[in-house]
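This report is a guided reading for someone who meets the structure for the first time. It goes from the overall make-up of the chain to its core, its charged pairs, its rings and its annotated spans.

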Amino acid sequence: MDFKEISPVQWTGEHVREWLKENNHSKFSFLFCDQHAIDGKALLLLTESDLRSTSLGIQALGDLKRLSLSIRQLQQEHSDAIAQMGYDLSEIFQYPKGNTGCYPMCSLRSIKDRLIHKDPSLSEILERTGSHFPNDSDVENHGLPPEIGKTLLSLFYLFVVTWITAFVMVVVHDRVPDMKKYPPLPDIFLDNVPTIPWAFSMCELTGTLLLIVWLGVLTFHKHRFILLRRFFCLSGTVFLLRCVTMLITSLSVPGTHLQCNPSVDEDWQR
(Lines give C-alpha, C1' and ligand atoms only; values in the text may rest on other atoms or scores of the structure.)
Protein backbone atom coordinates (compact mmCIF):
# COMPACT_ATOMS: atom_id res chain seq x y z
CA MET A 1 0.00 0.00 0.00
CA ASP A 2 1.26 3.49 -0.87
CA PHE A 3 2.39 5.51 2.14
CA LYS A 4 0.23 8.44 1.02
CA GLU A 5 -2.95 6.42 1.48
CA ILE A 6 -2.47 5.75 5.20
CA SER A 7 -1.76 7.86 8.25
CA PRO A 8 1.93 8.33 9.18
CA VAL A 9 1.13 6.74 12.55
CA GLN A 10 0.69 3.42 10.70
CA TRP A 11 3.84 3.76 8.58
CA THR A 12 6.42 1.03 8.71
CA GLY A 13 10.10 1.41 8.01
CA GLU A 14 9.47 0.83 4.32
CA HIS A 15 6.87 3.57 4.24
CA VAL A 16 9.38 5.95 5.86
CA ARG A 17 11.89 4.89 3.17
CA GLU A 18 9.38 5.81 0.47
CA TRP A 19 8.67 9.13 2.16
CA LEU A 20 12.38 9.94 2.30
CA LYS A 21 12.72 9.11 -1.39
CA GLU A 22 9.67 11.21 -2.23
CA ASN A 23 11.19 14.25 -0.48
CA ASN A 24 14.72 13.81 -1.94
CA HIS A 25 16.24 12.43 1.25
CA SER A 26 17.16 8.98 -0.04
CA LYS A 27 20.69 9.23 1.39
CA PHE A 28 19.22 8.88 4.88
CA SER A 29 17.20 5.73 4.15
CA PHE A 30 19.76 3.34 5.61
CA LEU A 31 20.41 5.59 8.60
CA PHE A 32 16.71 5.99 9.44
CA CYS A 33 15.13 2.71 8.44
CA ASP A 34 17.87 0.11 8.83
CA GLN A 35 20.18 1.50 11.50
CA HIS A 36 17.69 3.27 13.81
CA ALA A 37 14.41 1.47 12.91
CA ILE A 38 12.42 4.70 12.58
CA ASP A 39 8.79 4.11 11.69
CA GLY A 40 5.97 6.59 11.16
CA LYS A 41 5.36 7.29 14.85
CA ALA A 42 9.04 7.93 15.52
CA LEU A 43 9.24 10.14 12.44
CA LEU A 44 6.42 12.35 13.69
CA LEU A 45 8.20 12.83 17.01
CA LEU A 46 11.61 13.72 15.61
CA THR A 47 12.94 17.19 16.38
CA GLU A 48 15.88 19.15 15.06
CA SER A 49 17.71 18.35 18.29
CA ASP A 50 17.36 14.66 17.47
CA LEU A 51 18.75 15.24 14.01
CA ARG A 52 21.74 17.07 15.50
CA SER A 53 22.51 14.25 17.94
CA THR A 54 25.72 12.30 17.55
CA SER A 55 23.80 9.04 17.11
CA LEU A 56 22.48 10.15 13.71
CA GLY A 57 25.71 11.85 12.74
CA ILE A 58 24.32 14.21 10.10
CA GLN A 59 27.31 16.44 9.34
CA ALA A 60 26.14 18.65 6.48
CA LEU A 61 24.15 21.60 7.79
CA GLY A 62 22.21 21.98 4.55
CA ASP A 63 21.06 18.34 4.62
CA LEU A 64 20.09 18.70 8.29
CA LYS A 65 18.01 21.83 7.66
CA ARG A 66 16.26 20.44 4.60
CA LEU A 67 15.44 17.20 6.39
CA SER A 68 14.22 19.12 9.45
CA LEU A 69 11.98 21.27 7.22
CA SER A 70 10.41 18.21 5.59
CA ILE A 71 9.76 16.59 8.96
CA ARG A 72 8.31 19.84 10.31
CA GLN A 73 5.91 20.08 7.39
CA LEU A 74 4.86 16.47 7.92
CA GLN A 75 4.22 17.18 11.61
CA GLN A 76 2.09 20.20 10.81
CA GLU A 77 0.06 18.29 8.24
CA HIS A 78 -0.64 15.51 10.76
CA SER A 79 -0.76 17.54 13.99
CA ASP A 80 -4.04 15.87 14.97
CA ALA A 81 -2.34 12.46 14.90
CA ILE A 82 0.42 13.77 17.15
CA ALA A 83 -2.15 15.09 19.63
CA GLN A 84 -3.99 11.77 19.60
CA MET A 85 -0.76 10.04 20.58
CA GLY A 86 -0.78 12.14 23.73
CA TYR A 87 2.07 14.52 22.90
CA ASP A 88 2.04 18.28 23.35
CA LEU A 89 2.64 20.09 20.09
CA SER A 90 4.61 22.78 21.90
CA GLU A 91 7.11 20.06 22.87
CA ILE A 92 7.30 18.61 19.39
CA PHE A 93 7.77 21.97 17.64
CA GLN A 94 10.95 22.93 19.47
CA TYR A 95 11.80 26.50 18.61
CA PRO A 96 15.05 28.15 19.72
CA LYS A 97 15.05 30.08 22.99
CA GLY A 98 16.98 33.17 23.99
CA ASN A 99 19.36 33.64 26.90
CA THR A 100 16.50 34.18 29.31
CA GLY A 101 14.69 31.03 28.20
CA CYS A 102 11.86 32.90 26.42
CA TYR A 103 10.21 31.78 23.24
CA PRO A 104 10.66 34.09 20.24
CA MET A 105 8.13 36.85 19.76
CA CYS A 106 6.46 34.88 16.95
CA SER A 107 4.94 32.92 19.84
CA LEU A 108 3.62 29.39 19.69
CA ARG A 109 0.13 30.78 20.05
CA SER A 110 0.29 32.08 16.47
CA ILE A 111 1.33 28.60 15.32
CA LYS A 112 -1.64 27.15 17.17
CA ASP A 113 -3.99 29.63 15.44
CA ARG A 114 -2.64 28.67 12.02
CA LEU A 115 -3.03 24.96 12.75
CA ILE A 116 -6.60 25.41 13.99
CA HIS A 117 -7.42 27.54 10.92
CA LYS A 118 -6.15 24.71 8.74
CA ASP A 119 -7.94 22.00 10.71
CA PRO A 120 -10.78 23.27 12.97
CA SER A 121 -11.15 19.85 14.61
CA LEU A 122 -7.69 20.33 16.12
CA SER A 123 -9.07 22.81 18.67
CA GLU A 124 -11.18 20.12 20.33
CA ILE A 125 -8.26 17.68 20.29
CA LEU A 126 -5.96 20.20 21.99
CA GLU A 127 -8.50 20.91 24.72
CA ARG A 128 -9.06 17.19 25.30
CA THR A 129 -5.35 16.34 25.51
CA GLY A 130 -4.49 19.42 27.58
CA SER A 131 -1.91 20.76 25.13
CA HIS A 132 -0.70 24.20 26.18
CA PHE A 133 0.64 26.99 24.01
CA PRO A 134 2.08 30.01 25.84
CA ASN A 135 0.29 33.18 24.82
CA ASP A 136 1.87 36.53 24.08
CA SER A 137 1.40 37.82 27.62
CA ASP A 138 3.29 34.80 28.98
CA VAL A 139 6.18 35.59 26.64
CA GLU A 140 6.27 39.28 27.53
CA ASN A 141 6.01 38.72 31.29
CA HIS A 142 8.74 36.13 31.34
CA GLY A 143 11.99 37.70 32.46
CA LEU A 144 14.40 38.16 35.30
CA PRO A 145 12.94 37.36 38.74
CA PRO A 146 12.72 40.32 41.16
CA GLU A 147 14.38 38.42 44.06
CA ILE A 148 12.97 40.72 46.74
CA GLY A 149 14.86 38.84 49.46
CA LYS A 150 18.21 39.80 47.96
CA THR A 151 17.04 43.41 47.67
CA LEU A 152 16.15 43.51 51.36
CA LEU A 153 19.51 41.96 52.21
CA SER A 154 21.35 44.63 50.23
CA LEU A 155 19.25 47.32 51.99
CA PHE A 156 20.29 45.88 55.37
CA TYR A 157 23.90 45.97 54.19
CA LEU A 158 23.53 49.68 53.36
CA PHE A 159 22.01 50.40 56.79
CA VAL A 160 24.89 48.65 58.55
CA VAL A 161 27.47 50.57 56.52
CA THR A 162 25.61 53.82 57.28
CA TRP A 163 25.96 53.21 61.02
CA ILE A 164 29.63 52.34 60.60
CA THR A 165 30.16 55.55 58.62
CA ALA A 166 28.47 57.65 61.30
CA PHE A 167 30.72 56.13 63.99
CA VAL A 168 33.86 56.65 61.91
CA MET A 169 32.93 60.27 61.20
CA VAL A 170 32.65 60.93 64.94
CA VAL A 171 36.08 59.40 65.53
CA VAL A 172 37.64 61.32 62.64
CA HIS A 173 35.98 64.57 63.71
CA ASP A 174 37.74 64.37 67.08
CA ARG A 175 41.06 64.13 65.28
CA VAL A 176 40.68 67.33 63.23
CA PRO A 177 43.95 69.32 63.53
CA ASP A 178 44.10 72.82 64.92
CA MET A 179 43.55 75.34 62.13
CA LYS A 180 46.11 77.74 63.69
CA LYS A 181 48.89 75.18 63.59
CA TYR A 182 47.83 73.37 60.42
CA PRO A 183 46.17 75.76 57.96
CA PRO A 184 44.33 74.43 54.87
CA LEU A 185 46.49 73.14 52.05
CA PRO A 186 47.03 75.63 49.20
CA ASP A 187 44.98 75.07 46.08
CA ILE A 188 46.05 76.72 42.83
CA PHE A 189 42.55 76.80 41.38
CA LEU A 190 40.47 77.71 44.44
CA ASP A 191 42.97 80.35 45.61
CA ASN A 192 42.57 82.20 42.29
CA VAL A 193 38.79 81.84 41.91
CA PRO A 194 36.51 84.09 43.99
CA THR A 195 34.09 82.44 46.37
CA ILE A 196 30.68 81.75 44.79
CA PRO A 197 27.98 82.20 47.46
CA TRP A 198 25.31 80.18 45.65
CA ALA A 199 27.56 77.17 44.86
CA PHE A 200 26.34 75.10 47.82
CA SER A 201 22.71 75.87 46.96
CA MET A 202 23.30 74.67 43.40
CA CYS A 203 24.82 71.44 44.72
CA GLU A 204 21.71 70.81 46.81
CA LEU A 205 19.44 71.62 43.84
CA THR A 206 21.42 69.29 41.56
CA GLY A 207 21.21 66.49 44.11
CA THR A 208 17.44 67.00 44.41
CA LEU A 209 16.99 66.83 40.62
CA LEU A 210 19.07 63.65 40.42
CA LEU A 211 16.95 62.12 43.19
CA ILE A 212 13.75 62.94 41.27
CA VAL A 213 15.17 61.37 38.09
CA TRP A 214 16.20 58.27 40.05
CA LEU A 215 12.73 57.90 41.59
CA GLY A 216 11.19 58.26 38.12
CA VAL A 217 13.42 55.50 36.74
CA LEU A 218 12.49 53.22 39.63
CA THR A 219 8.78 53.92 39.10
CA PHE A 220 8.67 53.04 35.41
CA HIS A 221 11.51 50.51 35.05
CA LYS A 222 10.58 46.88 34.49
CA HIS A 223 13.34 45.50 36.74
CA ARG A 224 13.21 48.08 39.54
CA PHE A 225 14.20 45.57 42.23
CA ILE A 226 17.41 44.78 40.36
CA LEU A 227 18.21 48.50 40.15
CA LEU A 228 17.53 48.93 43.86
CA ARG A 229 19.71 45.95 44.71
CA ARG A 230 22.62 47.30 42.72
CA PHE A 231 22.15 50.80 44.11
CA PHE A 232 22.18 49.59 47.72
CA CYS A 233 25.24 47.39 47.16
CA LEU A 234 27.23 50.08 45.34
CA SER A 235 26.32 52.82 47.83
CA GLY A 236 27.18 50.64 50.81
CA THR A 237 30.52 49.62 49.30
CA VAL A 238 31.46 53.23 48.42
CA PHE A 239 30.71 54.44 51.96
CA LEU A 240 32.57 51.50 53.46
CA LEU A 241 35.67 52.35 51.43
CA ARG A 242 35.24 55.99 52.46
CA CYS A 243 35.38 54.93 56.10
CA VAL A 244 38.71 53.21 55.49
CA THR A 245 40.21 56.24 53.73
CA MET A 246 39.05 58.60 56.50
CA LEU A 247 40.64 56.45 59.18
CA ILE A 248 44.02 55.87 57.54
CA THR A 249 44.49 59.35 56.01
CA SER A 250 45.44 62.45 58.01
CA LEU A 251 44.57 65.64 56.13
CA SER A 252 44.44 69.26 57.11
CA VAL A 253 41.18 71.10 57.50
CA PRO A 254 39.28 71.48 54.19
CA GLY A 255 39.03 75.29 54.11
CA THR A 256 38.88 78.53 56.05
CA HIS A 257 35.16 78.94 55.45
CA LEU A 258 34.33 75.68 57.27
CA GLN A 259 34.47 75.17 61.02
CA CYS A 260 35.69 71.68 61.92
CA ASN A 261 36.72 71.66 65.57
CA PRO A 262 37.01 68.64 67.89
CA SER A 263 33.77 68.03 69.79
CA VAL A 264 35.36 66.13 72.71
CA ASP A 265 36.46 68.13 75.74
CA GLU A 266 40.15 67.90 76.58
CA ASP A 267 39.31 67.22 80.28
CA TRP A 268 37.23 64.21 79.20
CA GLN A 269 40.13 62.90 77.12
CA ARG A 270 42.38 63.01 80.19
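A helix is here a DSSP run of H or I with at least four residues, a strand is a run of E with at least two, and both are numbered from the N terminus. Counted in this way, the protein chain holds 15 helices and zero strands. The model is a predicted one, and what follows should be read with that in mind. Of the 270 residues in the protein chain, 27% are buried. Among the contacts with a separation of 6 or more, 67% are made by residues 24 or more positions apart.

**The nonpolar core**

The largest nonpolar core has 22 residues, and the members that touch the most others are W11, W19, F32, L43, L51, I58 and L67. Helices α1 (13-22), α2 (29-35), α3 (40-44) and α5 (61-77) each contribute at least two residues to this core. Helix α5 gives the largest share, which is four residues. In soluble globular proteins, nonpolar side chains tend to be buried together.

Which residues does W11 contact, once its neighbours within four places in sequence are left aside? The partners of W11 are F3, I6, V16, W19, D39, G40, L43 and L74, and of these W19 and L43 are also listed, like W11 itself, among the core members that touch the most others.

**Charged pairs**

Side chains of opposite charge can pair when their charged atoms come close. The structure holds eight salt bridges, and three of them are set out below.

| Salt bridge | N to O distance |
|---|---|
| E14 and R17 | 3.4 Å |
| E48 and R52 | 2.8 Å |
| E48 and K65 | 2.8 Å |

The pair of E48 and K65 links distant parts of the chain, since E48 lies in helix α4 and K65 in helix α5, 17 residues apart. K65 is partly exposed, its relative accessible area being 41%. Salt bridges with shared partners also join E14, R17 and D34 into one network.

The other two pairs in the table each lie within one helix. E14 and R17 are three residues apart in helix α1, and therefore about one helical turn separates them. E14 has a relative accessible area of 47% and is partly exposed, and R17, at 23% relative accessibility, also counts as partly exposed. E48 and R52 are four residues apart in helix α4 (residues 48-52), so that they too are separated by about one helical turn.

Is E48 buried or exposed? The relative accessibility of E48 is 19%, and because buried means under 20%, E48 counts as buried. Its partner R52, at 47% relative accessibility, counts as partly exposed.

**Helix α2 and the aromatic rings**

S29 belongs to helix α2 and counts as buried, with a relative accessibility of 9%. Apart from its neighbours within four places in sequence, S29 is in contact with R17, L20 and D34; R17 and D34 are also members of the salt-bridge network described above.

The count of aromatic pairs in the structure comes to three. One of them is formed by F28 and F32, whose ring centres lie 6.4 Å apart with 50 degrees between the planes, an arrangement classed as tilted. Both of these residues, F28 and F32, are buried, and F32 has already appeared among the core residues that touch the most other members. Elsewhere in the chain, W214, F231 and F232 form one aromatic cluster.

**Cysteines and annotated spans**

How many disulfides does a search of the whole structure find? The search finds zero disulfides. Two cysteines may be described by their surroundings: C203 counts as exposed at 56% relative accessibility, whereas C243, with a relative accessible area of 3%, is buried.

An unreviewed UniProt entry places the feature "transmembrane region" at residues 155-176, 196-219 and 231-253. In the model, the span 155-176 is 86% helix and 0% strand, and its end C-alpha atoms are 31 Å apart. The span 196-219 is 88% helix and 0% strand, and its end C-alpha atoms lie 36 Å apart.

How values were computed
Residues are numbered from 1 along each chain as its sequence is written. This is a predicted model: local features need pLDDT of at least 70, side-chain atom pairs count only at pLDDT 80 or more; totals for chains, interfaces and linings use all residues. Side-chain values use heavy atoms; hydrogens and water are left out. A nonpolar core is a set of buried Ala, Val, Leu, Ile, Met, Phe, Trp, Tyr and Cys residues joined through side-chain atoms within 4.5 Å. Buried means under 20% relative accessible area, exposed over 50%, partly exposed in between (1.4 Å probe, protein chains only). Contact means heavy atoms within 4.5 Å. A salt bridge is a side-chain nitrogen of Lys or Arg within 4 Å of a carboxyl oxygen of Asp or Glu. A disulfide is a pair of cysteine sulfur atoms within 2.5 Å. Rings of Phe, Tyr and Trp (its six-membered ring) pair if their centres lie within 6.5 Å; planes under 30 degrees apart count as stacked, over 60 as edge-to-face and the rest as tilted. UniProt positions are given in the numbering used here, feature names are shortened, and annotations may be inferred rather than shown by experiment.
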